[in-house]
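Please open the model in your viewer and keep the sequence panel beside it, since the tour below moves from selection to selection. Each stop names what to select and then describes what is there.

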Amino acid sequence: MTQTVIPGYEITTADKRFIGQHVVVAVLALAIGSFFGPVQAFEYAGVDLYPYLEPVFKSYYQGLTLHGVLNALIWTTFFITGFFTLTTIHGLKRPLLFPSLNRFGFWTMVVGLVLTASPILLDQATVLYTFYPPLEASWAFYAGLTLVVVGSWVEGWGFFLTWRAWRRDHPRRRTPLLAFGGLLTMAMWQIATLGVAVEILTMLLPWALGLIDGTDPGLARTYFWFTGHPLVYFWLLPAYVSWYSMLPKQAGGKLFSDSLARLSFWLFLLLSIPVGFHHQFVDPGVAAGWKWVHAGLTYAVFFPSMITAFTVIASLENGGRRRGGTGWLGWIPKLPWSDPSVSAQLLAGILFMFGGIGGLINASFSVNAVVHNTAWVSGHFHLTVATAVTLSFMGIAYWLVPYLTGNALWNRRLAVVQTWLWFVGMTIFSTAMHSVGLLGAPRRTKLGDAPYVPDEWSGHLLRVGIGGAILLVSAALFVFLIVRTAYSRRPVPARVEIPQAESVHDPQQTPAWLDRWVPWLVATVVLVLIAYGPQLWHQIVTMDLSSVGFQPW
Ligand code: HAS
């Protein structure tokens, strides 16, 4: 099938409806999942609400599973695929080549979500979002997650085929940055998810179906983290797409460097995957040498985020100075803080600086032994996925939902308040989690059942509860504002434009090697084979499927 470019192709009502379906599922998942986060935070502070939630919710761990799966896996994946549908179409200025392929991908994800969520709600998949065996879930949980991943692959194929058709028509043009970031993220995702696909299809699903008696937990963890670490960049890169390609425009400026933006995305493709052993530093069965290699590569994957910090802040400075800012820092107050979309992303970036530094501490082979499996790690990922990513997605939603519905954002001021509440709540919550983690408080643990909780933890645990309460208000406000906007029937005063930043330099001046896929893909596969091949091969040939499953809660 050939398809010609439609000059100045505008996103149609059907496209908007399709993108909107992704947002609806995402926000629904966030709304339900977010409820359980604060319930856990209250439990830390000594207020256990689970007895009141019975008989629907049997345990703290069932709520924790729901929180992790719905917020970390579902809210993100649906929002990301919907957002990338928009960035692909708008960036390339052409419709999806095979819209029915993308629709098939979306509905596959929806079926997967229903299959995943049902056993969790029935307390038959209380295995947390990492689903480490020998914790055992119903087969439907594993089959559902597989479908969510396969659906996201299919949506990615739809984007790649659309890009290929664009490339045929524009052999010498640089891929527009807005589309490029999404395409690269989806390419990385296809390679990264092979780990979890092999884990589920060769081990967990046959085991849950009773076809094999046991699993090999060590091998399962290696497969899981093959996917699990790049998963965090699958979450982060869509926020970076917005920070690079949209936020400078929203801030009234231009992107400081198209080349640096692309370089950082390519480095993420190259380095996101071969770092998974930094989650297994304390695991037996993985040779120390490979842990060192992954620790070194983890320091390397820090670099593209440093490039991002430099480039995005330089672009914001460009915007702040155009708006009249002077002096070293006088441009910061001139940024449009009264735009909730902007305030959300700026606040997300500020907290991410601290989350990133914490990441380096986690990555240090020896220091990791102090923080691993403590509340410190939960503090880290609430600054990253729950703030850099989630607060940025909220900021995107503040222009996206008006754009999709044609309704004005209901109460912009309240939306700005919501973003600050998230910032304040998360600052209190995550500093307390980091601190109590350093004092030895474990993660993934109902403290109410612990035989002994040291007195020195109590102040921090109280602050966890206070931060959680503020976050609950903020999350509820976000959902309320989005639903109210969708149904407000108050049309936007002027047409909402998709913010698309221009670059200071013409993107055509970006070196051609920053727009060539093959060398980067080959280098990525080679590096993954070197960093994972020998250790994975060793674990596969020594596989011992003797660990029987159990459901402790
Ligand atoms: Fe991490 C554990 C290391 C980033 C998520 N991480 C986790 C877990 C999650 C997670 C979910 O090495 C727990 C998994 C589990 O359940 O066990 N992480 C890192 C490192 C980075 C990092 C080195 N993590 C992330 C991101 C995540 C995420 C991003 C989600 C999206 N992490 C680890 C390690 C562990 C770990 C170990 C295992 C711990 C253990 O023992 O279990 C780096 O990629 C971070 C680089 C970031 C920066 C910050 C750059 C700052 C920017 C902001 C610019 C500011 C702006 C605003 C734009 C260098 C870009 C300006 C505003 C103005 C007003 C001017």
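Which residues have the most contacts inside the largest nonpolar core? Select Phe131, Phe141 and Trp235, which hold that place in a core of 167 residues; a nonpolar core here is a set of buried Ala, Val, Leu, Ile, Met, Phe, Trp, Tyr and Cys residues joined through side-chain atoms within 4.5 Å, where buried means under 20% relative accessible area, exposed over 50% and partly exposed in between, with a 1.4 Å probe and protein chains only. Helix H3, residues 60–92, gives the most to this core, with 18 residues; helices (H or I, at least four residues) are DSSP runs numbered from the N terminus.

Before going further, note that this is a predicted model, in which local features need pLDDT of at least 70 and side-chain atom pairs count only at pLDDT 80 or more, while totals for chains, interfaces and linings use all residues. Residues are numbered from 1 along each chain as its sequence is written, and side-chain values use heavy atoms, with hydrogens and water left out.

Now keep Trp235 selected and show its surroundings. Leaving aside neighbours within four places in sequence, Trp235 is in contact (heavy atoms within 4.5 Å) with Ala72, Leu73, Thr76, Ile80, Tyr129, Val385, Val389 and Phe393. Apart from the largest core lies another one, of 5 residues, which include Met203, Ala220, Tyr223 and Leu536.

Next, go to the iron atom of the ligand. Which protein atom is the donor there? The single donor from the protein is NE2 of His380, 2.2 Å away; donors are N, O and S atoms within 2.8 Å of the metal (3.2 Å for Na, K and Ca), and water is not among the atoms, so sites may look incomplete. His380 is found in helix H14, residues 375–405.

With H14 still in view, add helix H8, residues 217–245, whose axis comes within 9 Å of that of H14 and crosses it at roughly 45°; axes are lines fitted to C-alpha atoms, for helices over the stretch in contact, and angles run from 0 to 180 degrees between N-to-C directions. That angle makes H8 oblique to H14, given that angles under 35 degrees count as roughly parallel, over 145 as roughly antiparallel, 65 to 115 as roughly perpendicular and the rest as oblique. The crossing of these two helices, H8 and H14, is left-handed, a term for a near helix turned anticlockwise from the far one by less than a right angle. On the H8 side, select Trp235, Leu236, Pro238, Ala239, Ser242 and Trp243, which meet Val385, Ala388, Val389, Ser392, Phe393 and Ile396 in H14.

A second helix pair is worth selecting for comparison. The axes of H11 and helix H17 (residues 517–541) come within 10 Å and cross at roughly 155°, which makes H11 roughly antiparallel to H17. Trp290, His294 and Leu297 of H11 make the contact with Leu527, Ile530, Ala531, Tyr532, Pro534 and Gln535 of H17, and the crossing of H11 and H17 is left-handed.

From His294, step to His278. Is His278 buried or exposed? With a relative accessible area of 11%, His278 is buried, and its place is in the loop between helix H10 (258–271) and helix H11 (288–322). Not counting residues up to four places away in sequence, His278 touches His229, His294, Thr298 and Asn368. A distance label between the C-alpha atoms of His278 and Phe365, which are 87 residues apart along the chain, should read 7.6 Å.

Another loop residue to select is Thr193, between helix H6 (177–192) and helix H7 (194–208). Thr193 counts as buried because its relative accessibility is 0%, and beyond its neighbours within four places in sequence it is in contact with Val149, Trp153 and Thr227.

The last stops concern the backbone. In the loop between helix H4 (99–121) and helix H5 (139–169), select Pro134: the peptide bond from Pro133 to Pro134 is cis, with omega near 15°. The loop between H4 and H5 also holds Asp123, which has a positive phi of about 60° although it is not a glycine. Finally, Asn373, in the loop between helix H13 (365–371) and H14, is another residue other than glycine with a positive phi, near 60°; at 35% relative accessibility, Asn373 counts as partly exposed.
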